[in-house]
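Hi everyone, thanks for having me. Please get the viewer open on your screens, and we'll take a friendly walk through one protein together.

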Amino acid sequence: MTCKTIAVANQKGGTGKTATTLSLGIALAKLDKRVLLVDTDPQGDLTKSLGWSNPDSLETTVANHIQAVIDGIDLQADEGILSHKEGVDLMPANIDLASMEMGIFMAMSREQILNTWLSGIKDNYDYVLIDCAPTLGILPVNAFVASDSVLIPVSAEFLPASAMTELLKTIKRVKRQINPSLDVEGILITLFDTRNNLAREVEQTIRSQYGDTYRVFDSIIPRAVSAAETPAVGVSIFAYDKRGKVATAFTSLADEVVCNG
């Protein structure tokens with residue numbers, strides 16, 4: 001199969017973006033897919049969650065590849081990739097990325113920088129998942145330009161209409177102006193507490209407001225203490241609590257993504 005690149009994005013923080021990128025990636029690896037995870041958040045949460053607790057000490061990160069593209073320097077596309085014991089590869093990020101926005105804005109074809117780097121490596125993978133920072137700035141736009149689709153995690157803790165509207169507008173703008181093949185992979189309801197009436201209300205609202213236009217995944221990611229604990233130990237929910245409800249939900253999500261092509 002050809003590689004499919006999915007950006008995992010929501011400009012609102014606390015929606016489970018990083019956990020979704022990590023857990024979906026490892027669930028896909030368990031289906032014998034070759035998976036690259038790309039951290040594009042200067043906080044480096046994806047990098048830390050996979051066990052590299054001090055990202056600032058890493059010699060090569062996604063920031064180096066972005067700078068190499070801007071400067072026209074020939075850097076091996078796979079330099080700095082880390083292999084995780086659960087079967088996924090990671091291109092890490094650290095705080096160096098935070099100081100690069102101005103350089104990206106000044107660059108030629110600034111929206112294409114991430115795509116330029118990724119095009120040299122993605123043939124090695126079946127799936128590339130990009131963990132986006134919680135903004136709608138130039139880095140997430142780069143991720144949308146480099147991707148085939150955008151997966152939108154939405155927390156079942158608040159009514160998400162206004163945040164979703166801005167994100168969907170940005171995706172449409174990128175599709176119209178730069179990347180005509182960009183689609184919405186789907187809306188994923190996360191942090192769902194079955195005991196909470198608001199959670200059910202949010203789910204119903206999302207399905208009724210967006211379900212006719214966009215795919216809303218059948219899989220719902222539940223809130224669980226085990227999922228909150230995994231980043232501290234640098235492993236996925238599959239290694240930490242493989243029979244738990246969160247692991248089961250991400251296994252179902254991976255099946256849905258694969259069935260979607």
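I'll start with the whole chain, then go to the strands, the salt bridges and a few surface residues.

One thing before we begin: what you are looking at is a predicted model. Please keep that in mind as we go.

So, the whole chain. How many helices and strands does the protein chain have? There are 11 helices and eight strands. If you lay the C-alpha trace along its principal axes, the span is about 55 × 40 × 35 Å. Now for a little reasoning. A compact globule of 261 residues would have a radius of gyration near 18 Å, and this chain has 17 Å, so the two agree.

What about the inside and the outside? Of the 261 residues, 54% count as buried. The accessible surface comes to about 11600 Å², and carbon and sulfur atoms make up 48% of that. There is also a nice number on how the chain meets itself. Take the contacts with a separation of 6 or more: 78% of them are between residues 24 or more positions apart.

Next, please find strand β5, residues 127-131. Is this strand mostly covered or mostly open? It is mostly covered, with five of its five residues buried. You can check this on both faces. Tyr127, Leu129 and Asp131 sit on one side, Val128 and Ile130 sit on the other, and all of them are buried.

Which strands pair with β5? One partner is β1, which runs parallel to β5 and is joined to it over five bridges. Within that pairing, Thr5 has Val128 of β5 as its bridge partner. Another partner is β2, residues 35-39, also in the parallel sense and also over five bridges. Here you can look for Val38, which stands opposite Ile130 in β5.

Now to the salt bridges. The general idea is simple: side chains of opposite charge can pair when their charged atoms come close. In this structure there are nine salt bridges, and I have picked out a few for you.

We have just been looking at β1, so let's stay there. Lys4 forms a salt bridge with Glu185, and their closest N and O atoms are 2.8 Å apart. Lys4 belongs to strand β1 and Glu185 to strand β7, residues 183-192, so to speak from distant parts of the chain, 181 residues apart. Are these two residues buried or exposed? Both Lys4 and Glu185 are buried.

Compare that with Arg223 and Glu157, whose side chains meet in a salt bridge at 2.0 Å, N to O. Arg223 lies in the loop between β8 and α9, while Glu157 lies in the loop between β6 and α7, so this pair ties together parts that are 66 residues apart in sequence. As for exposure, Arg223 is partly exposed, with a relative accessible area of 37%. Glu157 is also at 37% and counts as partly exposed.

My third example is Arg215 with Glu256, where the closest N and O atoms are 4.0 Å apart. Arg215 is in the loop between α8 and β8, and Glu256 is in helix α11, residues 245-259, so the pair ties together parts 41 residues apart in sequence. Why does Glu256 count as buried? Its relative accessibility is 14%, and buried means under 20%. Arg215, at 26%, is partly exposed.

Let's finish on the surface. Please find Phe105 in helix α4, residues 101-106. Phe105 has a relative accessible area of 38%, so it is partly exposed. Together with Met102 and Met106, Phe105 forms a nonpolar patch on the surface, with about 370 Å² of accessible area between them. What does Phe105 touch, leaving aside its neighbours within four places in sequence? Phe105 is in contact with Arg110 and Ile138. If you want a distance to try in the viewer, go from Phe105 to Ile26: C-alpha to C-alpha, they are 33 Å apart in space, and 79 residues apart in sequence.

The last stop is Arg195, in the loop between β7 and α8. Arg195 counts as exposed, at 74% relative accessibility. From Arg195 to Met164 you should find 25 Å, C-alpha to C-alpha, with their positions 31 residues apart in sequence.

That's my tour. Thanks for listening, and please do ask questions!

Key: Residues are numbered from 1 along each chain as its sequence is written. This is a predicted model: local features need pLDDT of at least 70, side-chain atom pairs count only at pLDDT 80 or more; totals for chains, interfaces and linings use all residues. Side-chain values use heavy atoms; hydrogens and water are left out. Helices (H or I, at least four residues) and strands (E, at least two) are DSSP runs, numbered from the N terminus. Buried means under 20% relative accessible area, exposed over 50%, partly exposed in between (1.4 Å probe, protein chains only). Two strands pair if DSSP finds at least two bridges between them. The radius of gyration is taken over C-alpha atoms; the globule rule is 2.2 Å times the number of residues to the power 0.38. Contact means heavy atoms within 4.5 Å. Accessible areas come from the Shrake-Rupley method with a 1.4 Å probe; for residues, only the protein chains shown count as cover. Patches are made of residues with over 30% relative accessible area and no salt bridge: like charges are joined within 9 Å, nonpolar side chains (Val, Leu, Ile, Met, Phe, Trp, Tyr) within 5 Å.
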